[in-house]
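Visitor: Could you walk me through this model and explain how each description is justified?
Guide: Gladly, let's take a look together.
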Amino acid sequence: MTIDLRSDTVTKPGPGMMEAIIKAKVGDDVFGEDPSINELERITADMFGMEAALFCPSGTMTNQIAIKCHTQPGDEVIGDESSHVYQYEGGGIAFNSGASVKLIPGDRGRITAEQVLGAINPYDNHKAHTSLVCLENTSNRGGGSCYEFDEIKKIKAICEEKGLALHLDGARLWNALAAKKESPLQYGKVFDSISLCLSKSLGCPVGSLLLGKKELIKKARRIRKVFGGGMRQAGFMAAAGIYALQNNMDRLPEDHAHAKQIADTIAYKKFVKFVLPVETNIIIFELNEVHEQFPERMTAPELVLKLKEHDILCHAISSVRVRMVLHLDINKEMVARTIHVFNQL
Ligand SMILES: *Cc1c(COP(=O)(O)O)cnc(C)c1O
């Protein structure tokens with residue numbers, strides 16, 4: 001039995017989801033004729049109280065389309081230094097939108113309204129025009145940390161005052177909503193665009209959504225085509241998404257509880273320096289520096305190899321940091337086994 005904690009993207013569709021996929025009604029989505037995609041777009045837009053939605057192959061694409069919609073070449077985008085849009089999208093902000101970035105050192109991936117205000121360029125011919133703020137909730141590099149909604153509202157007020165657009169990378173917003181007991185409608189009210197992933201915590205094989213006003217999504221649909229993301233009978237994947245929204249949402253607190261249980265064990269290991277606070281389904285911990293006086297210590301890649309011998313897979317995200325992610329395909333027994341293995345190390 002392999003326990004794959006590398007990411008929540010490793011899940012495979014179960015029988016219920018497969019049945020939904022097989023039974024899906026499909027059509028050519030580039031012609032707007034795929035009933036399953038149209039339904040998924042309507043369901044998610046309604047859920048967030050937003051006007052429209054666009055189904056895309058990946059969260060990278062929904063983020064990059066949003067950034068393209070909100071900026072002109074030469075503009076500047078504000079975001080946290082660890083944000084996915086900057087760190088893990090292949091330099092796409094520059095490549096796709098010709099925009100530069102102003103990076104803010106946030107608290108576990110979360111930036112404050114005060115920091116945003118300080119990062120906006122003044123009107124000056126020397127300076128790039130700041131046009132967009134991107135937030136990430138939950139924050140991936142922040143170990144699944146969640147924003148306080150009050151801070152988001154303060155950031156929104158600044159964006160309104162300064163005429164900036166506000167985008168949310170909500171790849172794991174589902175987890176934040178569950179952890180904070182928040183409503184999607186709250187988010188729909190403050191963001192100009194929201195990117196959501198179905199392929200992470202909800203367990204779909206493929207799919208992300210971009211939400212926004214009708215005009216924005218009209219523009220986004222055109223950009224999706226330019227990016228090569230216009231799909232045909234992709235309703236099979238949208239049907240998996242509809243199934244996931246109906247069946248895999250309520251179980252997210254289970255992943256969060258599992259993450260806390262494993263983190264509690266890890267925190268007591270002598271070779272561990274600290275575990276980032278566990279708020280959702282991600283565990284990030286840092287190891288003590290290797291030192292000859294402490295033979296139990298090891299580097300992050302060494303620990304990852306050692307866990308692999310026990311069929312537990314996870315990622316070294318730096319020489320001293322390890323990440324584990326809980327998801328749909330990790331059950332109670334696997335959590336117990338992971339805890340057992342750590343207790344033996
Ligand atoms: C995974 C992820 C994305 C999108 O990734 P894709 O693999 O392109 O779907 C975007 N933002 C965050 C924070 C993520 O974790």
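Visitor: What makes the pair between Arg-172 and the ligand a polar contact?
Guide: A polar contact is a pair of N or O atoms within 3.5 Å. An N or O atom in the side chain of Arg-172 is 3.0 Å from a ligand oxygen atom, so the pair qualifies. A polar side-chain atom of Lys-200 lies 2.8 Å from an oxygen atom of the ligand, and for Asn-140 the distance is 3.3 Å. Taken alone, the ligand exposes 380 Å², of which the protein buries 85%; these areas come from the Shrake-Rupley method with a 1.4 Å probe.

Visitor: How far can I lean on such values?
Guide: This is a predicted model, where local features need pLDDT of at least 70 and side-chain atom pairs count only at pLDDT 80 or more, while totals for chains, interfaces and linings use all residues. Residues are numbered from 1 along each chain as its sequence is written, and side-chain values use heavy atoms, with hydrogens and water left out.

Visitor: Which residues surround the ligand, and what is near here?
Guide: Near means that a heavy atom of the residue lies within 4 Å. Among the surrounding residues are Ser-58, His-84, Glu-136 and Asp-169. By class, the shell has one nonpolar, six polar and five charged residues.

Visitor: Which residues does Ile-194 contact beyond its neighbours within four places in sequence?
Guide: Contact asks for heavy atoms within 4.5 Å. The partners of Ile-194 include Phe-48, Met-50, Tyr-187 and Leu-210.

How values were computed:
A polar contact is a pair of N or O atoms within 3.5 Å; within protein, one must be able to donate a hydrogen and the other to accept it, and residues adjacent in sequence count only if both atoms are side-chain atoms. Ala, Val, Leu, Ile, Met, Phe, Trp, Tyr, Cys and Pro count as nonpolar, Asp, Glu, Lys and Arg as charged, and the others, Gly among them, as polar.
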